[in-house]
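Trainee: I'd like to go through this structure and ask how each label was earned. Can we take the terms one at a time?

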Amino acid sequence: MPAAAKLHVVVVDDQLTMRTLVRTGLQQIGIVNSRDFPGAAEAWTSIQTHPTHVVISDFNMPGMDGLEFLRAMRACDTMKNVAFILLTGRADKELVARAVQFGANNYLVKPFTVATLKQKIEQVVGPLS
Amino acid sequence: MIQAAAQPRRFLNPQDGYVHVQVTQGETWVTADAREVLTTVLGSCIAACLHDPVAKVGGMNHFLLPDGGGQDRAARYGVNAMEILINGLLRQGAARARLEAKLFGGASVIAGLSDVGAGNVAFAEKFLADEGIALVGGDVRGTRARRVQFWPVSGRARQLAVSDGRTLAARELMVAEATLQQESEAPHDVELF
């Protein structure tokens, strides 16, 4: 897995403010290649056609929720190996267990610190620096 | 799943026949029950009252960012407080595009203290603008604390001035600092690896 500067991350959340916060955090830990989308449908084509190492997706979204998005990715040959971190509003054991069952690599509880964001990504891709 | 950390106190007020839901700092309440009225008392704190006039559902949150949202940790907390409210409304049938907001609070009630209230108002107004949520009313800034009532089904709101808000404002700041500290230390208590 590439180091921070070469890592490509996709952020999916229906709230622009949350997407901006996550991307700001990514920049602070050296991840400069990130793209954001308001929903899974919008992110889908971009992930298929552009380099993507990690997807950080909200769970609670209108339309396709985070778990449905994860299941769809894992069922798609071109996306099944992309790392997936689920953003949740609380540390819900049942939700995290379902996410793991569907192939999530990690989870992140909001509100989170930049240090936690880094830690969660490193648990998936290895050291960023 | 999004869930408010604390649950407001509810009681039936025999004088007006409404169930009063007291939304205190850190709490959020969403309802489509026309018998409920949401109430809160604000110094520097902000209460965002959101309402969908078609789905006839509404809700209120109540938060304070001790540095006015100017630092990452506080901004994250504020965004989360707004998201809890919005997601609660969407779950009860609201549509994001129809949401209307009224903002209350953000007063500067302690002379000489940095204007935390104004920073909170700026944060909330920017959040609504960024998210495309119409700000249709409310009352913010000023120097007096406020008691606010919000009828979530109709979207109607009213406020009364509170005579001495200084004690209230000092308590709000203490709670906000403690909450942020707690949030930053919140355990990710589900172990995956």
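Mentor: Let's start with exposure: buried means under 20% relative accessible area, exposed means over 50%, and partly exposed is in between. Keep in mind that this is a predicted model.

Trainee: Then what makes B:Lys56 partly exposed?

Mentor: Its relative accessible area is 45%, and partly exposed covers values between 20% and 50%, so the label fits B:Lys56. The residue sits in the loop between strand E5 (46-52) and E6 of chain B. Its phi is near 50 degrees, a positive value in a residue other than glycine.

Trainee: Which label does B:Arg141 get at 35% relative accessibility?

Mentor: Partly exposed, because 35% again falls between the 20% and 50% cut-offs. B:Arg141 is in the loop between strand E8 (134-140) and strand E9 (145-151) of chain B, and its phi, near 65 degrees, is positive although the residue is not glycine.

Trainee: And B:Asn61, buried or exposed?

Mentor: Buried: its relative accessibility is 1%, and the cut-off is under 20%. B:Asn61 belongs to strand E6 (residues 57-61) of chain B. Its contacts, leaving out residues up to four places away in sequence, include B:Val23, B:Ile46, B:Met82 and B:Leu85.

Trainee: How do you know that the side chain of B:Asn61 has a polar contact with B:Ala48?

Mentor: A polar atom of that side chain lies 3.1 Å from the backbone nitrogen of B:Ala48, and the limit for a polar contact is 3.5 Å. The backbone oxygen of B:Ala81 also lies 3.1 Å from a polar atom of the B:Asn61 side chain.

Trainee: What stands opposite B:Asn61 in the sheet?

Mentor: B:Thr28 does. E3(B) and E6(B) run antiparallel and are joined by four bridges; pairing takes at least two, so these strands count as paired.

Trainee: What is the order of the strands in that open sheet of chain B?

Mentor: The order is E3-E6-E5-E7-E8, five strands with mixed pairing. Strand E3 (28-31) and E8 are the edge strands, each pairing on one side only. The twist from one strand to the next averages 15 degrees.

Trainee: Over in chain A, why are strand E2 (33-37) and strand E5 (106-109) said to stand at the edges?

Mentor: Each has a single partner strand, so one side of each is left without a neighbour in the sheet. The order there is E2-E1-E3-E4-E5, and the pairing is parallel. On average, neighbouring strands are turned by 20 degrees against each other, direction ignored. As one example, E4 (residues 83-88) pairs with E5(A) over four bridges, and A:Thr88 stands opposite A:Val109.

Trainee: Which strands does helix H3 (residues 66-74) of chain A lie across?

Mentor: E1, E3 and E4 of chain A, running at about 175 degrees to E4(A). The buried residues of H3(A) are A:Gly66, A:Leu67, A:Phe69, A:Leu70 and A:Met73.

Trainee: What puts those buried residues on the same side of H3(A)?

Mentor: They cover an arc of only 160 degrees around the axis, which puts them on one side. They pack against E1, H2, E3, E4 and helix H4 (93-101) of chain A.

Trainee: What makes A:Asp65 a cap for the N-terminal end of H3(A)?

Mentor: One of its side-chain oxygens lies 2.9 Å from the backbone nitrogen of A:Leu67, and a polar contact needs N or O atoms within 3.5 Å.

Trainee: How many aromatic pairs are there over all chains?

Mentor: Four, from a search of the whole structure. One of them is A:Phe69 with A:Phe84, 5.8 Å centre to centre and with 70 degrees between the planes.

Trainee: Why is the pair of A:Phe69 and A:Phe84 called edge-to-face?

Mentor: Centres have to lie within 6.5 Å, and planes over 60 degrees apart count as edge-to-face, so 5.8 Å and 70 degrees meet both conditions. A:Phe69 lies in helix H3 and A:Phe84 in strand E4, so the pair ties together parts that are 15 residues apart in sequence. A:Phe69 is buried, at 0% relative accessible area, and A:Phe84 is buried at 0% too.

Trainee: What about the rings of B:Phe63 and B:Phe123?

Mentor: Their centres are 6.1 Å apart and their planes are at 85 degrees, so this pair is edge-to-face as well. B:Phe63 and B:Phe123 are 60 residues apart, and both are buried. Together with B:Phe127 they form one aromatic cluster.

Notes:
Residues are numbered from 1 along each chain as its sequence is written. Chains are lettered from A and ligands numbered from 1 in the order in which they are written. This is a predicted model: local features need pLDDT of at least 70, side-chain atom pairs count only at pLDDT 80 or more; totals for chains, interfaces and linings use all residues. Side-chain values use heavy atoms; hydrogens and water are left out. Helices (H or I, at least four residues) and strands (E, at least two) are DSSP runs, numbered from the N terminus. Axes are lines fitted to C-alpha atoms, for helices over the stretch in contact, and angles run from 0 to 180 degrees between N-to-C directions. Contact means heavy atoms within 4.5 Å. Buried means under 20% relative accessible area, exposed over 50%, partly exposed in between (1.4 Å probe, protein chains only). A polar contact is a pair of N or O atoms within 3.5 Å; within protein, one must be able to donate a hydrogen and the other to accept it, and residues adjacent in sequence count only if both atoms are side-chain atoms. The arc is that of the directions from the helix axis to the C-beta atoms. Rings of Phe, Tyr and Trp (its six-membered ring) pair if their centres lie within 6.5 Å; planes under 30 degrees apart count as stacked, over 60 as edge-to-face and the rest as tilted.
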